[in-house]
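Let's take a friendly walk through one helix and the aromatic rings around it. Have the model open as you read.

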Amino acid sequence: MDIDSFWALIEECRRQARGQDERLAWLRGELLRRSPAEVVQFQVRLDEVTHEAFTWDLWAAADRIFGGWCSDDGFCYFGLWIVSLGRKSFSQAVANPDALADTPEVQRLVP
């Protein structure tokens, strides 16, 4: 699975399912239909992109979004959540964490 196929799968997951639990179930089901090699390649791509998101600037954004404190584990989950936003939002957030403020998912968190 190349990086474009990885992102296509993430985008399809966003289209097919709403909510965290539904998306996770859809993605599990989709990966179960694939070969073991493809599943491993998916994980490799996921590791690559989440590593790309491990920056101090994004950690500061996570701190802000979480109300002033983001643990190590919380930041790992935050990186996965950013991936779930899709390629465009992910790329924008990595380039400029302030771009997260424009995503509907973050805007829904603001009271």
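What follows looks at helix H5, its contact with helix H4, and the aromatic pairs.

## Helix H5 and its surroundings

Keep in mind that this is a predicted model. Helix H5 covers residues 72-84, which makes 13 residues. At 1.5 Å a residue, H5 should span 18 Å, and its end C-alpha atoms lie 19 Å apart, so the expected and computed spans agree. Just after H5 comes Gly86, whose phi is positive, at about 105 degrees.

Which residues of H5 are buried? They are Gly74, Phe75, Phe78, Gly79, Ile82 and Val83. Their cover includes four helices: H1 (3-16), H3 (36-52), H4 (56-65) and H6 (87-95).

## Where H4 meets H5

Helix H4 deserves a look of its own. The axes of H4 and H5 come within 10 Å and cross at roughly 100 degrees. Angles of 65 to 115 degrees count as roughly perpendicular, so H4 is roughly perpendicular to H5.

On the H4 side, the contact is made by Leu58, Trp59, Ala62 and Ile65. H5 contributes Asp72, Phe75, Phe78 and Ile82. Sorted by class, the contact of H4 with H5 has seven nonpolar residues, one charged residue and no polar ones. Asp counts as charged, so the charged residue here is Asp72 of H5.

## Aromatic pairs

How many aromatic pairs does a search of the whole structure find? The search finds nine. In one of them, the ring centres of Phe6 and Phe42 are 5.1 Å apart and the planes meet at 40 degrees, so this pair is tilted. Phe6 sits in helix H1 and Phe42 in helix H3, so the pair links distant parts of the chain, 36 residues apart. Phe6 has 0% relative accessibility and therefore counts as buried. Phe42, at 5%, counts as buried too.

Trp59 and Phe75 form a stacked pair, with 4.6 Å from centre to centre and 10 degrees between the planes. Trp59 belongs to helix H4 and Phe75 to helix H5, so their pairing ties together parts that are 16 residues apart in sequence. Are these two residues buried or exposed? Both Trp59 and Phe75 are buried.

## The aromatic cluster

Trp59 and Phe75 also belong to a cluster linked by ring pairs. Its other members are Phe54, Trp56, Phe66, Phe78 and Trp81. Trp59, Phe75 and Phe78 have already appeared above in the contact of H4 with H5.

How values were computed:
Residues numbered from 1 in each chain as written. Predicted model: local features only at pLDDT ≥ 70, side-chain atom pairs only at ≥ 80, totals over all residues. Heavy atoms only, no water. Helix = DSSP H or I, 4+ residues; strand = E, 2+ residues; numbered from the N terminus. Expected span 1.5 Å × (residues − 1). Buried < 20%, exposed > 50% of the residue type's maximum accessible area, 1.4 Å probe, protein only. Contact = heavy atoms within 4.5 Å. Axes fitted to C-alpha atoms, helices over the stretch in contact; angles between N-to-C directions. Parallel < 35°, antiparallel > 145°, perpendicular 65-115°, else oblique. Phe/Tyr/Trp six-rings, centres within 6.5 Å; stacked < 30°, edge-to-face > 60°.
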